[in-house]
There are 2 protein chains.
Amino acid sequence: MSERSQQQTGRTAAQEAVHDSAFLRACRREPVPHTPVWFMRQAGRSLPEYRKVREGIPMLESCMRPELVTEITLQPVRRHGVDAAIFFSDIVVPLKAIGIDLDIKPGVGPVVADPVRTRADLERLRPLDPSDVPYVTEAVGMLTAELGATPLIGFAGAPFTLASYLIEGGPSRTYENTKAMMYGAPELWAELVERLSVITAAFLRVQIEAGASAVQLFDSWAGALAPAEYRRYVMPASAKVFDAVAEYGVPRIHFGVGTGELLGLMGEAGADVVGVDWRVPLDEAAKRVGPGKALQGNLDPAVLFAPREAVEAKTDEVLAAAAGLEGHVFNLGHGVMPAMDPDALTHLVQYVHERTAR
Amino acid sequence: MSERSQQQTGRTAAQEAVHDSAFLRACRREPVPHTPVWFMRQAGRSLPEYRKVREGIPMLESCMRPELVTEITLQPVRRHGVDAAIFFSDIVVPLKAIGIDLDIKPGVGPVVADPVRTRADLERLRPLDPSDVPYVTEAVGMLTAELGATPLIGFAGAPFTLASYLIEGGPSRTYENTKAMMYGAPELWAELVERLSVITAAFLRVQIEAGASAVQLFDSWAGALAPAEYRRYVMPASAKVFDAVAEYGVPRIHFGVGTGELLGLMGEAGADVVGVDWRVPLDEAAKRVGPGKALQGNLDPAVLFAPREAVEAKTDEVLAAAAGLEGHVFNLGHGVMPAMDPDALTHLVQYVHERTAR
């Protein structure tokens, strides 16, 4: 790869280094010098330097300041030496950008002023134009310049998860209104997730056009659905998002927590890399996902609260289960938690690198 | 069965009718006149008559008043015509009964004043004596007299779930302290769940001795664990509970939400009936559980918020998936939600009875 000249690949030397990174190689199921590591929510409250720069700045506002987004996105790369950065944003940012009245309340999550419940409400969900999110283009540009050989993962929420916030008006544990629409008004539901797939695809395209070299589509709450419902009501919209970015050839990662029953379908939707939470061992996950896809995961995040020896033992179990995979990106099975010791995360990156050095 | 005389079985006519009920027959995988139905949390806030009798009475106190427990337990039997009653209690009642300082905070859940974190803390977890819960014996006695041919299901929380409340000090979404102890101090953990298994077994024995004709052990939050962890850290303690009540010969039901990966192990722990949430179709669940066990479940509770036709269609899907089971108890895949329309539940009972009448 690296011996190919810039002329042949059309890539600059920096782009070539990114393309040849352990992270992107693993996503493409190519041999790697070591198993790449990154953490969902690696840029966030677990880091004192994050808490410092966020002080007094509301979450949504922080997503709209390119310098701040750049700083926050870079922090875990500097500190932990992770193999990829993930664009600091929130899944509701594209909805805010098209004018939906919402906010992110500390300790609660996204809160939507007027929930989407009727056909008339759909009118508010107009397509996203790149000019709606200039701060994203700017931040991604700054980031790729700063990151050098470290790839940047673009970030978006999947239609089901976005729909759940819009319909419930905020976070939910039961998704009762969401499911009531899904089951009771399936045509309205289909139109809603169709509109969301257009918005989400545009949000990812902006990030890729600006320089992101992979994307992760978070269907955080899809695990609330049984496979038949996921296939019927959710998968078509997620597939549209993946299709819409296929032309760029960047790896497309897909993740939701508690999706053990859905792993095969989430791959089928168009993911190149399927993220797995800690409940399904990676060798079993590989059977469900089938060949031709890499897997990402899946150390139980709560293990990080145990002593170092326990973390290492559990990490060894994950690496053993991953031994036969076509491609493996090491990650936690869910996001970093605010109370986690950053040093434990740094050590985990080093430990995985050492244990998998080839 | 019914032609056998009281002398042969040692049962009164009333006990004979209970023994021959659709619910207990299904649990024993015998032919049934119709698929029996009950709902987890059927006695609760969805019923106006419940909200009325609970008015001004804190949750824990209500569990300690035999007349009130009897009334609340009977309400859904009267209203919905369900095939079984479940003893109204809370999983922390036996902990309160042995002197643990805890309360159930409305909108929060159980809150433990001094979390259990050290070996010294274990001393507080003394065995439960029947004399600690006279109100349970009394209420079960009153209930079986009132219930006639309708079986009463005894109720207890499983060691893991109880441990999680004791260690976290309240409800948790991540179980970080629980897992930190499990992974970091496995001997302390083992002693804790051993003590809890003794308490839980005693709590179930009290209910069976007083007349409960089945028991359900709720490991509500076990779904937070991967199978290897469940097998190592949780299953032995749950198995002890099941063993301790085996001599009574009453069906033992086991349930936790999000336990798709654990269904086989939860059966292996000693359950006669494995409860399944809505994420795993019952025919697939049967493969995981294996032969010789009945299944309970598994309509997505959120479906109840959709129009009646959608509820019926989804119910038909559950019944179709259950067609080949050795024994099937119809239930929701999780508890009744407070905002549910009681009439929708009553209709669901009738609908299942009609569709499965033989």
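This briefing covers confidence, symmetry, interface, core, one helix and one sheet.

The model is predicted: local features need pLDDT of at least 70, side-chain atom pairs count only at pLDDT 80 or more, and totals for chains, interfaces and linings use all residues. Residues are numbered from 1 along each chain as its sequence is written, and chains are lettered from A in the order in which they are written.

**Confidence**
- Chain A has an average pLDDT (the predictor's confidence in each residue, from 0 to 100) of 96, and 98% of the residues score at least 70.
- For the complex, the predictor gives a pTM of 0.95 and an ipTM of 0.93.

**Symmetry and interface**
- Chain B is superposed on chain A by a rotation of 180 degrees with 0.0 Å of shift along its axis, at an RMSD of 0.0 Å; the fit is by least squares on the C-alpha atoms of residues with pLDDT of at least 70 in both.
- The two copies are thus related as by a two-fold rotation axis.
- In the interface, 25 residues of chain B are in contact with 25 residues of chain A, where contact means C-beta atoms, placed from the backbone, within 7 Å.
- Helix 11 (176-184) and helix 16 (308-322) of chain B each supply at least two residues of the side that touches chain A; helix 11 gives the most, with five residues. Helices (H or I, at least four residues) and strands (E, at least two) are DSSP runs, numbered from the N terminus.
- 100% of the interface residues of chain B are also interface residues in chain A, so the copies meet through the same surface.

**Core and helix 10**
- The largest nonpolar core (buried Ala, Val, Leu, Ile, Met, Phe, Trp, Tyr and Cys residues joined through C-beta atoms within 7 Å) has 250 residues, of which A:I153, A:V215, B:I153 and B:V215 touch the most other members.
- Beyond four places in sequence, the contacts of A:V215 include A:I153, A:L204, A:I208, A:V245 and A:I253.
- Ten of the ten residues of helix 10 (residues 159-168) of chain A are buried, so this helix is largely enclosed by the rest of the structure. A residue is buried if 20 or more other C-beta atoms, placed from the backbone, lie within 10 Å of its own.
- A:G169 follows helix 10 of chain A and has a positive phi, near 85 degrees.

**Sheet of chain B**
- Seven strands of chain B form an open, parallel sheet in the order 1-4-5-6-7-8-9; strands pair if DSSP finds at least two bridges between them.
- Strand 1 (85-86) and strand 9 (328-332) of chain B stand at the edges, each with a single partner strand, so one side of each lacks a neighbour in the sheet.
- Strand 5 (residues 214-218) and strand 6 (residues 252-255) of chain B run parallel and are joined by four bridges, with B:F218 opposite B:F255.

Definitions and conventions. Buried ≥ 20, exposed ≤ 12 C-beta atoms within 10 Å, placed from the backbone. Contact = placed C-beta atoms within 7 Å.
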